[in-house]
Amino acid sequence: MKSTLALATLAAAGTAGLAARDLLQKQHSLKRNFPVVANARYLLERIGPELRQYIVTSNDEERPFSRDQRAWVYASSKMENNYVGFGTDNDVERVEGYPIFKHRTFSDVSASTHTHHGEETPLPCAKVLGGPRGRRHAFRPESVVNISSMSFGSLSANAVHALNEGARLAGCLQLTGEGSLSPHHRHGGDLVFQIGTAYFGCRDEEGRFDLDKLTEVVASAPVRAIEIKLSQGAKPGLGGMLPAAKISPEIAQTRGIPEGVDCASPSRHTAFDDIDSMLDFVELLAERTGLPVGIKSAVGDMGFWEELAEAMADGTRGVDFIAIDGGEGGTGAAPLVFSDAVALPFRLAFARVYAVFARAGLSDRVVWVGSGKLGLPENALVAFALGVDMVHVAREAMLAVGCIQAQKCHTDHCPTGVATQNQWLARGLDPTLKAHRVNNYIRTLRRDLLKVSEACGVWHPGLLSVDDVELLLGNRKATPLAEVYDYEPGWGLLGDEDAAAITQIMSRTAPSGDDEEPPTD
């Protein structure tokens, strides 16, 4: 009897000690929010490969991000070994559309074998944002990888804080999302202010666009550019509703909306209603702020893009950048049919829009941005070959912050405190620690982009071309990227001036000396 009581007492003490440790530690937000029981997840994750091999799914079956993809992001963000052994477990013999990058045997550019080579190498955009239009505050973005639009309100305060501080550490841009510029965006990272259809942060009491308020908010923080959101890949042409219950005093103040009242975001803008008035709006914002101004859009009807290229042809007005968001992109909440079946996937969408501007001779005047699962090296590299100048990543950055792909973003019950306004859940996410993980992930992604570019014989991913990539049809055929997307000779390539400038920049930063692995402690 005494021994049973002693064992029970010991078990209770051990459980209490484990709970105390979980509550006090900051490495794992899941354990802070769900002490003791959360340890079961990490145990199952540890033995997961063995279980999956015989019982559940393969490493590449899960969606939207496979286990292999998530594991790569997690390892990269923690500066752990993200290499693989034994060879690929992708089904390259049967899968259709698998990208293969064509390395060069001889080249003046050589890839280093240092494990961490490239993480400290600057990887700036090959184009000057706002340069062709002569914007007063035109600049060359320091990073080809930036953090895409995710609003405070959709994400927790701690998550936004971590992303902004991570952007500062990585030297990249963070887009505010249409929820405006919150106090949590003010931790040193450079910003792109996004204007959505509800004009949060730059609206009057009636919900109409207010230029003075926009000017005031962008002047109050390190805002480097303005993005007008026309539509989002996961829910194009769809408005939104922020229920009154989710509108905290801080969200209300940030967005410029009243508390206690449902807030509707219309599906389309009211400050302009056609191409002509949209370009007038772009020039108005650029003239008042001096900042580069661009648009973000999913792709459906091509008439819009043809009219836009025609309106920009004379050079008197134009957008400084175009961000194409693929239909496979993410969202906090959307009807299933919109996420599944509205808007073209990224590669098709981008290739069609780029072709319109290339035929008009306008592709060099625009900085091209891609988003929609482009935070993975192979996807990003195909995008660069198609003509993208920068990629904006969202869900992959969320994974670096601690997201476990629970897919509860729309419920306000995100277990890791990333996509929730629940204070108890959000407290589990330590923003300072997670900021370093964001930084590590972005630097590692840039490193891999650089290493593959060097293997293909070019100094920068922006110098890749459609001739450097083929898509497999199992082991029966490989089709050049240009043929798949009907690219004409010269499409997707940088102009001579931009190519020479980025080659000079990258060749100056190339490491010298031998290729031995540096010693470690």
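The exercises below concern helix packing, strand pairing and one buried lysine in a predicted model.

**Exercise 1. Describe how helices H7 and H9 pack.**

Step 1. Two packed helices are described by the angle between their axes and the distance between the axes.

Step 2. For H7 (residues 211-219) and H9 (residues 275-289), the axes come within 10 Å and cross at roughly 50°.

Step 3. Angles of 65 to 115 degrees count as roughly perpendicular and those under 35 as roughly parallel. H7 and H9 are therefore oblique to each other.

Step 4. The crossing of H7 past H9 is right-handed.

Step 5. On the H7 side the contact involves Leu211, Asp212, Leu214, Thr215 and Val218, and on the H9 side Leu284, Leu285, Arg288 and Thr289. Sorted by class, this contact has 5 nonpolar, 2 polar and 2 charged residues.

**Exercise 2. Carry out the analysis for helices H6 and H16.**

Step 1. The axes of H6 (residues 157-170) and H16 (residues 431-455) come within 7 Å, with a crossing angle of roughly 45°. That angle makes H6 oblique to H16.

Step 2. H6 and H16 cross in a right-handed sense.

Step 3. H6 contributes Asn158, His161, Ala162, Leu163, Glu165, Gly166, Leu169 and Ala170 to the contact. The residues contributed by H16 include Pro431, Lys434, Val438, Ile442 and Arg446.

Step 4. The classes in the contact of H6 with H16 are 8 nonpolar, 6 polar and 4 charged residues.

**Exercise 3. Determine whether strand E8 is buried or exposed, and identify its strand partners.**

Step 1. Buried means under 20% relative accessible area. In E8 (residues 293-297), 5 of the 5 residues are buried, so the strand is largely enclosed by the rest of the structure.

Step 2. Each face of E8 is covered, with Val293, Ile295 and Ser297 buried on one side and Gly294 and Lys296 buried on the other.

Step 3. One partner is E5 (residues 223-229), which runs parallel to E8 and is joined to it by 4 bridges. Across this pairing, isoleucine 228 stands opposite isoleucine 295 of E8.

Step 4. Another partner is E9 (residues 321-325), also paired with E8 in the parallel sense, over 4 bridges. Here serine 297 has isoleucine 324 of E9 as its bridge partner.

**Exercise 4. Give the strand order of the sheet that contains E12, and name its edge strands.**

Step 1. The sheet is open and has 3 strands in the order E1-E12-E13, with antiparallel pairing.

Step 2. E1 (96-101) and E13 (477-480) are the edge strands, since each pairs on one side only.

Step 3. From one strand to the next, the twist averages 35°.

Step 4. E12 (residues 469-473) and E13 are paired in the antiparallel sense over 4 bridges. Leucine 471 stands opposite threonine 479 of E13.

**Exercise 5. Characterise the surroundings of lysine 229.**

Step 1. Lysine 229 is located in strand E5, which is joined to E8 by 4 bridges.

Step 2. Its relative accessibility is 11%, so lysine 229 counts as buried.

Step 3. With neighbours within four places in sequence left aside, the contacts of lysine 229 are Glu178, Gln194, Ile195, Gly196, His269 and Lys296. Among these, Lys296 is itself a buried residue of E8.

Step 4. Glycine 179 lies 50 residues from lysine 229 along the chain, and the C-alpha atoms of the two are separated by 12 Å.

Key
Residues numbered from 1 in each chain as written. Predicted model: local features only at pLDDT ≥ 70, side-chain atom pairs only at ≥ 80, totals over all residues. Heavy atoms only, no water. Axes fitted to C-alpha atoms, helices over the stretch in contact; angles between N-to-C directions. Helix = DSSP H or I, 4+ residues; strand = E, 2+ residues; numbered from the N terminus. Parallel < 35°, antiparallel > 145°, perpendicular 65-115°, else oblique. Left-handed = near helix turned anticlockwise from the far one by under 90°. Contact = heavy atoms within 4.5 Å. Nonpolar A, V, L, I, M, F, W, Y, C, P; charged D, E, K, R; others polar. Buried < 20%, exposed > 50% of the residue type's maximum accessible area, 1.4 Å probe, protein only. Pairing = 2+ DSSP bridges.
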